[in-house]
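Please open the model in a viewer and keep the sequence panel visible. The tour below proceeds by selection, one stop at a time.

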Amino acid sequence: MGDSKKEWRAEIRRRKNSYSKEQLAEMSSLLTQRIALHPHFQEARLVLLYHALPDEVDTASLFHRPDILLPKVTGPSSMELRRYEGAGSLEPGAFGILEPTGPIFTDYDRIDLAIVPGMAFDTEGNRLGRGKGYYDRMLPLLKHAYKIGVCFPFQHITPSLPTTPTDVRMDEVIYDWE
């Protein structure tokens with residue numbers, strides 16, 4: 001595999017295409033069960049989750065908590081956080097993703113746990129995003145949050161992904177269910 005982020009994104013897309021929607025849904029279910037049992041998830045007072053794209057680990061089963069934040073895309077490279085106030089508070093937004101309509105949240109220091117999607121993660125906790133920079137701008141603001149990257153097993157890369165000095169490492173990556 002090459003050293004460029006673009007090449008890695010193409011490789012991950014190729015890998016994803018070898019799985020059916022049903023296979024991805026089954027893996028999502030197993031991965032989110034593992035997250036639900038994670039001590040950081042159980043102990044967190046305020047959790048940042050995400051509403052998944054069709055090819056991402058679907059975290060919607062974790063939205064049952066009363067203390068959830070979700071991102072809302074506000075521009076070509078920007079997003080804000082909003083409180084999740086139930087399924088009725090979601091509306092279609094950017095990329096066809098359901099986005100929250102709850103109050104804007106800016107007290108980033110109060111976030112205990114961030115569950116973060118990515119195209120790929122490596123063994124060092126480095127994250128490869130989709131290339132738009134939404135999370136690249138958000139993650140540095142989460143100075144106190146424990147950051148867990150979540151991906152399917154075929155998105156976990158060994159030994160390492162290409163990085164830049166501004167990339168924020170995850171504290172942990174969940175990519176299997178054992």
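Begin by selecting strand β2, residues 68–75, in this predicted model. Of its 8 residues, 6 are buried, so the strand is largely enclosed by the rest of the structure. Buried here denotes a relative accessible area under 20%.

Keep β2 selected and add its partners. Strand β1, residues 47–48, runs parallel to β2, and 2 bridges join them. To locate this pairing, display Val 47, whose bridge partner in β2 is Ile 68. Next add strand β3, residues 78–83, which runs antiparallel to β2 and is joined to it by 6 bridges. The connection from β2 to β3 is a hairpin through 2 residues. Within this pairing, select Lys 72 and find Glu 80 of β3 opposite. Strands of a sheet pair through backbone hydrogen bonds, in either a parallel or an antiparallel manner.

The next stop is a loop residue. Select Asp 112, which is situated in the loop between β6 (104–105) and β7 (113–116). Which backbone nitrogen lies 2.7 Å from a polar atom of the Asp 112 side chain? That nitrogen belongs to Arg 45. Leaving aside neighbours within four places in sequence, display the residues in contact with Asp 112: Ala 44, Arg 45 and Leu 46, together with His 144, Ala 145 and Tyr 146.

Proceed to another sheet. Select β9, β8 and β11, the 3 strands that form an open sheet in that order, with mixed pairing. At the edges are β9 (127–128) and β11 (156–157), each of which pairs on one side only. Now restrict the view to β8, residues 120–122, and β11: these strands run parallel and are joined by 2 bridges. Asp 122 has Ile 157 of β11 as its bridge partner.

From β11, move to Thr 158 and Pro 159. Is the peptide bond from Thr 158 to Pro 159 cis or trans? The bond is cis, with omega near 0 degrees. Pro 159 itself lies in the loop between β11 and β12 (172–174).

Finally, select Phe 95, in the loop between β4 (90–92) and β5 (98–100). Its phi is near 60 degrees, a positive value in a residue other than glycine. Most residues other than glycine have a negative phi, and most peptide bonds are trans. Is Phe 95 buried or exposed? Its relative accessibility is 52%, and the threshold for exposed is over 50%, so Phe 95 counts as exposed.

Conventions: Residues numbered from 1 in each chain as written. Predicted model: local features only at pLDDT ≥ 70, side-chain atom pairs only at ≥ 80, totals over all residues. Heavy atoms only, no water. Helix = DSSP H or I, 4+ residues; strand = E, 2+ residues; numbered from the N terminus. Polar contact = N/O pair within 3.5 Å; in protein donor to acceptor, adjacent residues only side chain to side chain. Contact = heavy atoms within 4.5 Å. Buried < 20%, exposed > 50% of the residue type's maximum accessible area, 1.4 Å probe, protein only. Pairing = 2+ DSSP bridges.
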